[in-house]
Every structure is written in C-alpha cells, then in structure tokens.
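The following note sets out several points for a colleague who is examining this structure at the bench. Each point may be read beside the sequence and the coordinates.

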Amino acid sequence: MGEARDPTPRTPGATPPLLEVRGLTKEFPVRSSRATLRAVDRLDLDLATGETVGLVGESGCGKSTAGRCCLRLIEPTAGTVRFAGVDLLALRGGDLRRFRRHLQYVFQDPYSSLNPRMRVAELIGEAIRVHRLRPKQQVRARIIELLDVVGLGPDALDRYPHEFSGGQRQRIGIARALAVEPRLIIADEPVSALDVSVQAQVLNLLTDLKQRFSLTYLFISHNLAVVRHISDRVAVMYLGRLVEEAPTATLFATPAHPYTRALLASEPIPDPSRRTIATPLAGEIPSGVAPPPGCCFHPRCPEALAECRHAVPTNTTLGAGHRVRCHLYARGG
Ligand code: SF4
C-alpha cells in the first residue's frame with residue numbers, strides 16, 4: 001500500500017521555517033545487483049530560525065545521509081530542500097557555492113574532514129578568502145578571532161591537525177564552519193568520537209555559539225542524552241523515515257512511537273517525569289534494500305497490529321508539535 005503525502009501544515013501568516021525539507025529521498029544503487037537501497041525515505045522536516053532540532057536514530061537509519069542531502073554534499077534522489085525560501089536543489093555552480101556558505105556541516109571525525117597537509121591558518125582562512133568575507137590584510141586577524149571564539153590561542157595558527165587532540169580538532173572544525181558566518185549548522189555526531197569529559201565542553205561551546213551568533217542547528221546523533229541536552233525539538237528516524245517528532249521535554253516525558261520508547265529504554269536516562277513503560281529494542285535494523293512492507297518497524301514492534309504488516313502509517317498529531325506515525329494513534333489509542 002502506498003503512503004499518503006502528509007505535508008506539515010503551516011498556519012497562515014506564520015513565519016516560514018529557515019530550513020524546509022519535503023519528501024527528501026535518497027537511494028543508492030547496490031553493487032552487482034539492480035536493487036537500490038533507500039537510505040532516506042520521503043523525509044519532511046522543518047527548522048525554525050534559532051531552533052536546535054535533534055535528529056536521532058540507530059546507526060544506519062539514514063540520519064547522516066539526510067543531513068548531507070540537505071547541504072547537497074550528496075545529491076538527493078527526490079524531494080525539495082528550501083533554505084530561507086530558496087530552493088537549494090535548483091541552484092547550480094557558482095550560485096550553489098555562494099549560497100552554501102549559509103549552511104555548514106560539522107563532521108563526526110574532525111581529523112578526516114581537515115586536510116592533514118594544511119595548517120590551521122589555511123584551513124580556516126581558505127573559506128574567508130574564497131567568499132571574500134574580509135579584506136586580504138584582515139584575514140589573519142579574523143582567523144585569530146575565530147580561534148579565540150572556539151577557545152584556542154593564536155599559537156594554533158601554524159600547526160597541523162595531527163598536532164591537536166580530538167577535542168581541539170573539533171574546535172578547529174567548528175571555527176572553520178563559523179568562518180563563513182553561516183546561519184545554519186548541521187552537526188553530525190560532533191561529539192561521539194570524543195572522550196566523555198571533552199564531549200560536555202564541546203556541547204557547551206556549541207550552545208554558547210548558538211546564542212552568540214544566532215545560529216540554527218540540526219544536531220544529528222545516536223546519543224539520546226546528548227540530544228536531550230542540546231535540542232529544542234527532537235525528530236526520530238527509523239529506516240530512513242521520520243516516525244516521531246516533538247518538543248524535547250514532550251518526547252522524553254511521553255514518547256509515543258514504540259520505536260522511540262524502545263530507544264529510550266535501551267539508553268536509560270534518569271527521569272522521574274517519564275510516564276510511559278518502555279520496552280527494550282530487540283532485533284536488528286532491517287535492510288533498506290528490501291524494507292518490510294507496511295510499518296517498517298513491525299518486525300521489531302512489540303505492539304504490532306495486523307494492519308501494521310501491510311498499511312503504511314501516516315502522521316497523527318498528538319499535541320503541539322508532537323506527531324507520530326503509528327497505527328496505534330490513528331485509532332485514537
Ligand atoms: Fe508498531 Fe504498528 Fe505502530 Fe508500527 S504502526 S510502530 S508496527 S504499532
């Protein structure tokens with residue numbers, strides 16, 4: 001059974017989102033077969049200006065692919081991505097390069113995303129020069145300013161990435177993203193490669209920078225505790241699809257989708273306000289090459305109904321900003 005389109009309704013006169021993703025789909029050909037792997041499946045997602053949205057799910061659920069498609073680091077197969085009203089997927093060449101500075105990506109592993117043969121001054125200064133954001137004679141002072149913003153001193157300027165710790169490298173990656181004065185940062189597991197003690201420092205830095213530079217974040221992570229700490233709203237992905245989204249406090253207090261509840265159970269977080277009983281997540285995430293029909297979570301769902309095997313659930317609104325794709329709620333359950 002096909003899935004009905006369910007675009008997020010917008011209140012007339014409401015401020016349009018800074019980032020508006022509709023029907024985003026990414027398929028990859030599977031080598032030595034004619035099959036395709038659908039990594040992202042008709043994703044709808046909005047980010048309001050100044051908001052931090054956490055995109056969570058197990059490894060392999062398509063969240064990083066979705067983030068990369070939003071910036072066209074990889075090309076989506078279908079869908080639309082609008083940023084400040086501009087259709088990003090329609091931009092080409094120089095227009096795309098110029099526009100893309102408003103959106104930056106911070107990677108999980110800063111070491112692999114920083115050219116090991118470039119000194120920090122070049123790594124950060126490159127984009128400032130390309131986009132002509134400062135007169136030539138002011139670029140070095142601007143780099144020093146950016147290093148200071150992320151908690152590094154000017155002694156970092158002439159050093160190479162391998163001379164820094166993981167946390168320092170991530171700070172350099174963040175400084176490089178900030179160099180082009182973006183409005184939106186997609187942070188893809190930005191702290192998961194770091195020691196726990198360093199994770200908190202980098203998260204606090206990201207929070208400070210958001211206030212200081214009026215940034216908007218899409219924060220991609222498998223770590224619910226981290227997402228809870230930093231996000232205003234959380235969107236949960238499973239097998240390429242968004243299955244639940246809600247304000248952070250609502251999602252953690254009253255998770256509705258059986259998958260969200262299972263995720264929370266598999267990563268216990270002390271929370272006396274949580275009222276639901278969670279079931280631990282069993283089984284493996286299925287392949288996106290041949291996803292289960294109906295609700296793609298049904299083979300792992302402890303609450304599956306007969307219809308879940310063939311009917312794709314559509315969105316049900318449970319409260320302000322709280323939407324879930326699950327037949328339990330379409331029935332009023
Ligand atoms: Fe479980 Fe059915 Fe809801 Fe899917 S739609 S999460 S299988 S109850």
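**Notes on the predicted model**

1. D95 and R98 both belong to helix 2 (residues 93–99), where they stand three residues apart, about one turn of the helix. Their side chains meet in a salt bridge, with an N to O distance of 2.9 Å. R98 is exposed, with a relative accessible area of 52%, whereas D95 counts as partly exposed at 45%. The reader should bear in mind that this is a predicted model.

2. A second pair is found in helix 5 (residues 139–149), where E145 and R142 are three residues apart and therefore separated by about one helical turn. The salt bridge between their side chains has an N to O distance of 2.5 Å. R142 is buried, with a relative accessible area of 9%, while E145 is partly exposed at 42%.

3. Are R22 and E20, which also meet in a salt bridge (3.9 Å, N to O), buried or exposed? R22 counts as buried at 13% relative accessibility, and E20 is buried with a relative accessible area of 13%. Elsewhere, a network of salt bridges links E27, R38, D41, R42 and R241. Over the whole structure, the search finds 22 salt bridges.

4. The protein chain is divided into domain 1 (19–102 + 184–269 + 277–294) and domain 2 (112–181). The contact draws on 15 residues of domain 1 and 13 residues of domain 2. The C-alpha centres of the two domains lie 26 Å apart. Between them, domain 1 and domain 2 bury about 1200 Å², of which 70% is on carbon and sulfur atoms. On the domain 1 side, R101, L205 and L209 lose the most area to domain 2, together 44% of what that side buries. The count of salt bridges between domain 1 and domain 2 is zero.

5. One open sheet has four strands in the order 2-1-4-5, with antiparallel pairing. Strand 2 (36–47) and strand 5 (86–87) each have a single partner strand, so one side of each is left without a neighbour in the sheet. Strand 1 (residues 19–29) pairs with strand 2 in the antiparallel sense over eight bridges, and L19 stands opposite L47 of strand 2.

6. Helix 1 (residues 63–70) lies across strand 1, strand 2 and strand 4 (78–83), and runs at about 115° to strand 1. Because six of its eight residues are buried, helix 1 is largely enclosed by the rest of the structure. The buried residues of this helix are K63, T65, A66, G67, C69 and C70. R72, which follows helix 1, has a positive phi, near 60°.

7. An open sheet of eight strands has the order 6-7-8-3-9-10-12-11, with mixed pairing. Its edge strands, strand 6 (103–106) and strand 11 (315–319), each pair on one side only. Neighbouring strands of this sheet are turned by 20° against each other on average, direction ignored. Strand 6 pairs with strand 7 (residues 184–188) in the parallel sense over four bridges, and Q104 stands opposite I185 of strand 7. Helix 7 (residues 196–213) lies across strand 3 (52–56) and strand 8 (216–221), at about 160° to strand 8.

8. H322 is found in strand 12 (residues 322–325) and counts as buried at 5% relative accessibility. Apart from neighbours within four places in sequence, H322 is in contact with residues including E244, E245, P247, T254 and T317.

Note on methods:
Residues are numbered from 1 along each chain as its sequence is written. This is a predicted model: local features need pLDDT of at least 70, side-chain atom pairs count only at pLDDT 80 or more; totals for chains, interfaces and linings use all residues. Side-chain values use heavy atoms; hydrogens and water are left out. Two strands pair if DSSP finds at least two bridges between them. Helices (H or I, at least four residues) and strands (E, at least two) are DSSP runs, numbered from the N terminus. Axes are lines fitted to C-alpha atoms, for helices over the stretch in contact, and angles run from 0 to 180 degrees between N-to-C directions. Contact means heavy atoms within 4.5 Å. Buried means under 20% relative accessible area, exposed over 50%, partly exposed in between (1.4 Å probe, protein chains only). Domain bounds come from an automatic or database domain assignment. Buried area is the accessible area (1.4 Å probe) that two parts lose on being put together, summed over both. A salt bridge is a side-chain nitrogen of Lys or Arg within 4 Å of a carboxyl oxygen of Asp or Glu.
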